Amino acid sequence: MKFEDIEIEDVDFEAMLEESFKKEESRSGDLIEGTIVKINEEDNQALIDIGRKNEAVVSLDQLRDEEGNVPFKEGDTIPVVVTGMRGERPMVSYDLAKKRQAMQEFLTEYDESQEYIIEGTVVRKNKGGYVVEAGGLEFFMPRTLSYLSSKTDPIGKKVKALIIKVDKEKGSVVVSRKELIERERAKVQEVVEKLMESKEPTTGVVKKITSYGMFVDVGGIDGLVHYSQISHKGPVNPAKYFQEGDEVKVVALDYDKKKRHLSLSIKDATPDPWENIDEILSVGDTVEAVVSNIEPYGAFVDLGEDLEAFLHVSEISWDKNVKHPKDYLNVDDTINVEVIEIDKEKRRLRVSLKNLLPKPMEEFSRKHRVGDVVSGTVSSVTDFGAFVRLEGGVEGLLHNQEVSWEKGKKAKDLYQAGDEVEVKIIRIDTDAGKISLSRKALEKSPAEAFAEKHKVGDIVTGIVKDKKDFGVFIALDDNVDALIRTEDLHPLKFDEIEKGQEIKGVITQIDPKNDRIRVSVRRLERQEEREALKRITEEQDVSMTLGDIIKDKLQK
């Protein structure tokens, strides 16, 4: 673009630039040589002979070097520019002279056939524009060519601008930020149109990585690859896969002209493994995987081929009490897993680790049999019993009815999680994965104790505990109950019997194994008759024997 083609306000750039160099009017703004006449540290100034009636004054701050010292002495010649008058004494600027000298050197070396781009800082406003300082030089940037908002203060802003006009005679240089910006936009538009028209992958360079994605330089412009557009596996952390400076293949997805936002995709530049998933995996396959992420509910594993699968916490171990996957797995662990689900519609893979591990139930059943006494730890207590963790991590159920011979006792009354307990195995169901346990089987049952003291035919007395349609339960001594069936209650009437009533009967059955005792009232009368007859018979036998003895003695 030529300077003549750019609309600029009808202003005198030379006057603007000169105005920025002067604080007051002076008879001369030319660059001249002056001789240091005196250096006064107390007043922080130096007197300079510039060939006029009175010496000029310059602040020592302009003469000091970076270390704060004045590198000149009286009699040295320095360049200065007259900036005004203070009474009869002219004022000069050494700083302005250095800038003038630097600008003259720049203009001397300036080549009109080349293009010059400056990078500098806006140092002050001027009539019609701004002064930009770059490399010790000051350039004028008209407001119409600045592309700077009037709503914000541009002082201190870093800018890049193109030199569009140089007047060597007047020492003025005009720059345009607008020209560079419009060039950049045109370049961006050209690159974007090319990217959007072609769906072929193009090579880009990773410029910056963030938590939400990464910026990739494509043809000189930056586009964003969102973290959801990096892999076919789904959203991933880009920092785990790429570094700044890496080359990547991308395709353009969209361009927002208003926001000048280019969206790119890496995953669309690579084949989608889900299109041929049936050729890659099948349910039941055992594959090697790398743990990529661990959550409380499970772990995500990388299967390669840009595929990721989910390993649910319940599929990590046969142990039903896995508290956290981190107790079994670490990120970057390499493990073998079995594919248990392939959902092409939802693009979801599920795998199992425990399916490839020995089943604890099978191991346990090989080592133990029904009737074995084992020790375990109560893992949880429920309303219906307690679960006991046994050898190998398997669990058995100690049902309430197997907790104690004492009626009404439940597991929650006797145990809590963490308690050590000794139990007997009463059932092993390998197919169902269930083990039944008993605590009371280790103790002598009340019926067994009762059987040691009583026998069938004994007469007992009990208290009515409960009435059922089929009979009455009575409580006997030694903490045992007995059943009197309805047909065995005669001559008692069922409807007249009440709880707490005392009933006498005859033991008709003692079954210690099944904890069962039967009593009959109906047989009591016959039992008592037999016992009475027996006593009478025994008494008669005794009387006859004594009579015979006396008779024998009298006869002698």
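## Strands S16, S17 and S19

Two strands pair if DSSP finds at least two bridges between them. This rule applies here to a predicted model. In it, strand S16 and strand S17 pair in the antiparallel sense over five bridges. In S17, Gly 298 is the bridge partner of Glu 295. Two residues form the hairpin that joins S16 to S17.

S16 also pairs with S19. These two strands run antiparallel, and five bridges join them. Val 287 has Val 337 in S19 as its bridge partner. In general, strands of a sheet pair through backbone hydrogen bonds, either parallel or antiparallel.

## The largest nonpolar core

The largest nonpolar core has 21 residues. Which of them touch the most other members? They are Leu 281, Val 301, Leu 303, Leu 329 and Val 337. Five strands each give two or more residues to this core: S16 (286-295), S17 (298-304), S18 (307-312), S19 (334-343) and S20 (348-352). S16 provides the largest share, four residues.

Leu 303 shows what such a position touches. Leaving aside neighbours within four places in sequence, Leu 303 is in contact with Leu 281, Val 287, Glu 288, Ala 289, Ala 309, Val 337 and Leu 349. Val 337 thus appears twice, as a contact of Leu 303 and as the bridge partner of Val 287.

A second core is separate from this one and has 20 residues. Val 191, Phe 242, Val 248 and Tyr 255 are among them. In soluble globular proteins, nonpolar side chains tend to be buried together.

## Helix H4

Helix H4 covers residues 177-197, 21 residues in total. From its first C-alpha to its last, H4 reaches 30 Å, close to the 30 Å expected at 1.5 Å a residue. Ser 176 caps the N-terminal end of H4. A side-chain oxygen of Ser 176 lies 3.4 Å from the backbone nitrogen of Lys 178.

Which residues of H4 are buried? They are Arg 177, Glu 179, Leu 180, Val 188, Val 191, Val 192 and Leu 195. Val 191 also belongs to the second core. An α-helix has 3.6 residues a turn, so residues three or four places apart point the same way.

## Two loop residues

Asp 272 lies in the loop between strand S15 (261-265) and helix H5 (277-280). Is Asp 272 buried or exposed? Its relative accessible area is 18%, so Asp 272 counts as buried, the limit being under 20%. Not counting residues up to four places away in sequence, Asp 272 touches His 232 and Arg 347. With Arg 347 there is a polar contact, side chain to side chain, at 3.0 Å.

Val 331 is found in the loop between S18 and S19. Val 331 is partly exposed, with a relative accessible area of 42%. Not counting residues up to four places away in sequence, Val 331 touches Val 291, Ser 292 and Ile 294. Ile 435 stands 104 residues from Val 331 along the chain, and 35 Å separates their C-alpha atoms.

## A five-stranded barrel

Five strands close into a barrel. Their order is S21-S22-S23-S25-S24, and the pairing is mixed. Neighbouring strands of this sheet are turned by 50 degrees against each other on average, direction ignored.

S21 (residues 373-381) and S22 (residues 385-389) pair in the antiparallel sense over four bridges. Val 378 stands opposite Val 388 in S22.

Technical notes:
Residues numbered from 1 in each chain as written. Predicted model: local features only at pLDDT ≥ 70, side-chain atom pairs only at ≥ 80, totals over all residues. Heavy atoms only, no water. Core = buried A, V, L, I, M, F, W, Y, C linked by side-chain atoms within 4.5 Å. Buried < 20%, exposed > 50% of the residue type's maximum accessible area, 1.4 Å probe, protein only. Contact = heavy atoms within 4.5 Å. Axes fitted to C-alpha atoms, helices over the stretch in contact; angles between N-to-C directions. Polar contact = N/O pair within 3.5 Å; in protein donor to acceptor, adjacent residues only side chain to side chain. Expected span 1.5 Å × (residues − 1).
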